[in-house]
Amino acid sequence: MQSATFAKPLWQTYLLFLAPMVLSNFLQSMSGTVNSIYIGQMLGTQALAAVSGMFPVVFFFIALVIGLGAGAGVLIGQAWGARESHRVKAIAGATLLLGGLIGLAAAVLGSVFARQALTGLGTPADVLDDAVAYAHVMLWILPSLLVFVLFTQLLRGVSDTLSPLLALIVSTAVGLALTPALIRGWLGLPPLGIQSAAYAGLAGNLSAMAWLAWRLIRKGHPLAPDREFFAALRLDRVILGKVLRIGLPTGVQMIVLSLSELVILALVNQHGSQATAAYGAVTQIVNYVQFPALSIAITASILGAQAIGAGHLERMGPILRTGLLINICLTGGLIVLGYLLSHWLLGLFLTEDSTRAMAEHLLHIMLWSLLVFGFQAIIGGIMRASGTVLVPVFISIVCVVGVQLPAAYWLDGQFGLQGVWMAFPVAYLGMLALQSLYYKLVWKHQKIERLI
């Protein structure tokens with residue numbers, strides 16, 4: 001499999017990675033949307049509000065695990081490029097065990113302090129009891145959820161993006177089928193009300209992991225759960241130190257970006273419910289353009305790590321250039337479609353003409369800048385492949401906290417609601433300028449060595 005990675009033209013390798021990853025992102029977004037529709041339509045608005053209170057808590061731990069996965073993915077990519085399958089299993093085993101322990105700790109502590117945590121997050125009193133009941137179930141399924149998310153990330157380090165997609169299809173299908181059945185008590189199942197989505201999610205995760213284990217063992221996959229794999233399930237300090245050094249900054253970056261979105265939302269909310277509805281609709285469309293750009297960056301990081309592991313440092317430049325070109329074609333193409341179809345797309349979410357017109361104007365202000373966002377993410381991904389992560393992450397955080405948020409407040413005062421959206425291109429252009437400067441002036445002149 002390693003030799004095939006380097007034998008194919010780069011653009012083909014990129015597309016083989018990207019197609020399953022983009023489809024996976026689409027499935028995850030769709031699954032969350034449909035589950036919210038189930039709960040809102042079948043149990044009511046209060047139930048949806050109760051479930052929503054857990055989103056920030058769950059996202060915090062998922063962000064942390066995605067950070068671990070990013071760090072482990074770089075190490076696995078390098079080991080895989082060097083054809084050291086025993087190291088691949090050692091890295092995966094140590095990382096998965098840590099992810100499971102994080103989930104278990106969260107389940108125990110979260111169950112004890114669920115009510116206090118939800119009260120602190122401002123959960124309305126009329127839905128607090130339901131929110132706590134949902135939280136208890138959600139927290140106890142967190143270990144399996146985090147291990148599932150983490151394992152699908154690690155598979156990509158060995159050039160396998162198809163297995164995570166197929167596993168996600170299994171998980172999504174089981175979850176979406178079970179949620180309404182458990183809400184209503186169909187087929188003799190107990191009616192579980194607000195906890196239905198959590199139990200359905202657990203069934204989906206366990207089904208997907210069982211199917212994934214069967215597939216990997218049948219194919220003789222390097223990450224198949226065999227005797228050697230289970231022997232590697234131990235907390236190796238050296239490996240985990242390297243995983244955390246690369247992964248923790250990425251997790252922190254995700255958390256900071258999510259918090260900044262809450263600040264932007266609070267600013268938008270001041271303009272009234274129409275503005276909030278427009279924000280929600282525009283964000284839905286932006287996500288479907290932004291996910292492919294991020295997938296290109298992840299692909300660049302994995303291919304770069306494999307090239308470093310194989311000792312083919314001369315491929316780093318072509319990997320970067322190919323990623324930037326694909327960003328122009330794929331992300332750029334989606335942006336063009338977004339502009340051409342914006343009226344129709346926003347009409348899927350918004351029925352009032354005035355609100356749709358407002359959303360369309362806001363989308364047109366910032367949609368083009370997602371191309372810039374993709375460029376800077378790919379440059380950061382290439383640097384992360386060598387273990388250089390602190391400065392690229394620091395640049396992203398500074399541009400969000402030190403540029404985007406102040407610019408949003410100032411431009412809001414100058415231009416009103418549209419000024420908030422003008423701050424996005426300002427921040428992305430700042431990220432691209434600083435990432436490019438660091439790449440050209442510092443990173444390119446550093447000696448690149450394997451991390452493991």
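A residue counts as buried under 20% relative accessible area, as exposed over 50%, and as partly exposed in between. Keep these cut-offs at hand while you explore this predicted model.

**Exercise 1. Sort the residues**

Decide for Cys329, with its relative accessibility of 55%, whether the label is buried or exposed. Then do the same for Cys399 and Trp11.

*Solution.*
- Step 1: Cys329 has a relative accessibility of 55%. Exposed means over 50%, so Cys329 counts as exposed.
- Step 2: Cys399 comes to 2%. Buried means under 20%, so Cys399 is buried.
- Step 3: Trp11 has 48% of relative accessible area, and therefore Trp11 is partly exposed.

**Exercise 2. Look for disulfides**

Find how many disulfides the structure holds.

*Solution.* Search for cysteine sulfur atoms within 2.5 Å of each other. The count for this structure is 0.

**Exercise 3. Place Trp11**

Work out which helix holds Trp11, and which residues Trp11 touches beyond four places away in sequence.

*Solution.*
- Step 1: Trp11 belongs to helix H2, which covers residues 10-43.
- Step 2: With residues up to four places away set aside, Trp11 touches Thr322 and Ile326.
- Step 3: Look also at Ile319: 308 residues separate Trp11 and Ile319 in sequence, yet their C-alpha atoms lie 8.9 Å apart in space.

**Exercise 4. Follow Glu84**

Locate Glu84 and list its contacts.

*Solution.*
- Step 1: Glu84 sits in the loop that runs between helix H4 (55-81) and helix H5 (85-120).
- Step 2: The Glu84 side chain makes a polar contact with the side chain of Arg87, at 3.0 Å.
- Step 3: Apart from neighbours within four places in sequence, Glu84 contacts Ala79 and Arg450.

Note on methods. Residues numbered from 1 in each chain as written. Predicted model: local features only at pLDDT ≥ 70, side-chain atom pairs only at ≥ 80, totals over all residues. Heavy atoms only, no water. Helix = DSSP H or I, 4+ residues; strand = E, 2+ residues; numbered from the N terminus. Polar contact = N/O pair within 3.5 Å; in protein donor to acceptor, adjacent residues only side chain to side chain. Contact = heavy atoms within 4.5 Å. Buried < 20%, exposed > 50% of the residue type's maximum accessible area, 1.4 Å probe, protein only.
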